[in-house]
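Please examine the structure below with attention to its aromatic side chains. The paragraphs that follow consider how rings meet one another and where charged groups lie over them.

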Amino acid sequence: MRVSGTHRLAATVTVVAALTAGTACAATSAQATPGITANRQATAAQQATAAQRVTAGGLTPDQRRRADQLISVFENSTTEIQYGYAENINDGRGVTAGRAGFTTDDGDALKVVRAYTAASPDNPLARFIPELERLASAGSGDTSSLPEGDYIAAWKQAAADPVFRQVQDDQVDQRYFTPAMSQADQLDLTTALARAELYDASIQHGNGSEYDALPALIDRTDAKVGTPSAAGERAWLDAFFDVRIDDLNNPANSSTADEWRKSVDRVECLRRIAATGNYDLDGPFSITAFGSGYTIG
């Protein structure tokens with residue numbers, strides 16, 4: 001059965017309620033069997049703690065942190081999330097900025113700046129909203145009218161504000177992590193590595209209806225080997241790696257082709273983790289990406 005985030009939360013509440021009831025029952029017999037009662041209480045506490053460890057995305061907090069560190073390595077060559085990163089990487093998408101590479105040509109950056117302005121109206125990025133709206137409407141990567149240098153400087157300045165960093169975190173959850181985990185739930189994916197791969201693909205490819213987007217990659221993988229339940233999750237994930245690499249090498253969006261071909265190692269890095277058998281993303285562990293070594297903690 002496919003389990004949604006709501007169903008998972010309901011199940012967790014049920015488990016905790018049942019464990020609490022079990023603990024209460026055990027307590028009533030404490031005088032008769034104190035040793036057994038203590039063991040039952042300890043077991044109940046451990047199980048309740050385990051139930052609370054799972055987040056809405058099907059990952060423990062440690063697994064989510066490691067997934068974020070991996071993506072930060074792929075995006076910015078460091079395990080430390082880079083809220084202040086901003087540059088034009090000449091991929092046809094204008095300025096790429098922030099922890100998830102929010103771009104100016106497609107409304108990504110616009111949504112971040114709008115949310116930031118709603119929370120903190122007097123901020124250094126608010127004045128760029130009209131031009132960001134124009135760029136998003138036109139799908140244009142020409143940032144000369146921002147102007148680009150001023151926008152990049154303002155983004156870096158805003159990154160010192162905890163409110164702006166929280167806005168970026170919220171946007172990542174709403175627009176990339178949650179949609180990817182919804183896809184993972186529909187596929188009945190159970191391993192942290194498979195979920196992290198969909199999360200990474202969501203950030204790089206998006207979640208729209210385009211040929212290069214995550215839903216299309218999933219459809220092509222299913223067509224190639226069947227669903228994860230039919231092919232087996234590990235075999236399906238390996239096929240997904242192949243499909244994604246093929247898309248990076250041959251994207252429908254030609255403006256991204258040069259940069260995407262250079263990014264293939266982000267997928268190969270995750271495949272190398274799979275080869276070690278660390279599908280649970282247990283840490284710490286070492287990786288190599290784009291020729292450099294990192295420790296994921």
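By about how much of the helix are W236 and F240 separated in helix α11? The model under discussion is predicted. Because W236 and F240 are 4 residues apart in helix α11, which spans residues 233-249, about one helical turn separates them. Their rings form a stacked aromatic pair, with 5.4 Å from centre to centre and an angle of 20° between the planes. This angle counts as stacked because the planes are under 30 degrees apart. W236 is buried, and F240 is buried as well.

The structure holds 8 aromatic pairs. Another of these is formed by F102 and W155, whose ring centres are 6.5 Å apart and whose planes meet at 40°, a tilted arrangement. This pair joins distant parts of the chain: F102 belongs to strand β3 (residues 102-103), whereas W155 belongs to helix α6 (residues 148-158), and the two are 53 residues apart. F102 and W155 are both buried.

F102 and W155 also take part in a cluster, in which ring pairs link them with Y116, F128, Y151, F164 and Y176.

Aromatic rings in this model are also met by charged side chains. R64 lies over the face of F177, and the distance to the ring centre is 3.8 Å. At Y211, the charged end of R220 sits over the ring, 3.8 Å from the ring's centre.

How values were computed: Residues are numbered from 1 along each chain as its sequence is written. This is a predicted model: local features need pLDDT of at least 70, side-chain atom pairs count only at pLDDT 80 or more; totals for chains, interfaces and linings use all residues. Side-chain values use heavy atoms; hydrogens and water are left out. Rings of Phe, Tyr and Trp (its six-membered ring) pair if their centres lie within 6.5 Å; planes under 30 degrees apart count as stacked, over 60 as edge-to-face and the rest as tilted. Buried means under 20% relative accessible area, exposed over 50%, partly exposed in between (1.4 Å probe, protein chains only). A charge sits over a ring if NZ of Lys or CZ of Arg is within 6 Å of the ring centre and within 35 degrees of the ring normal.
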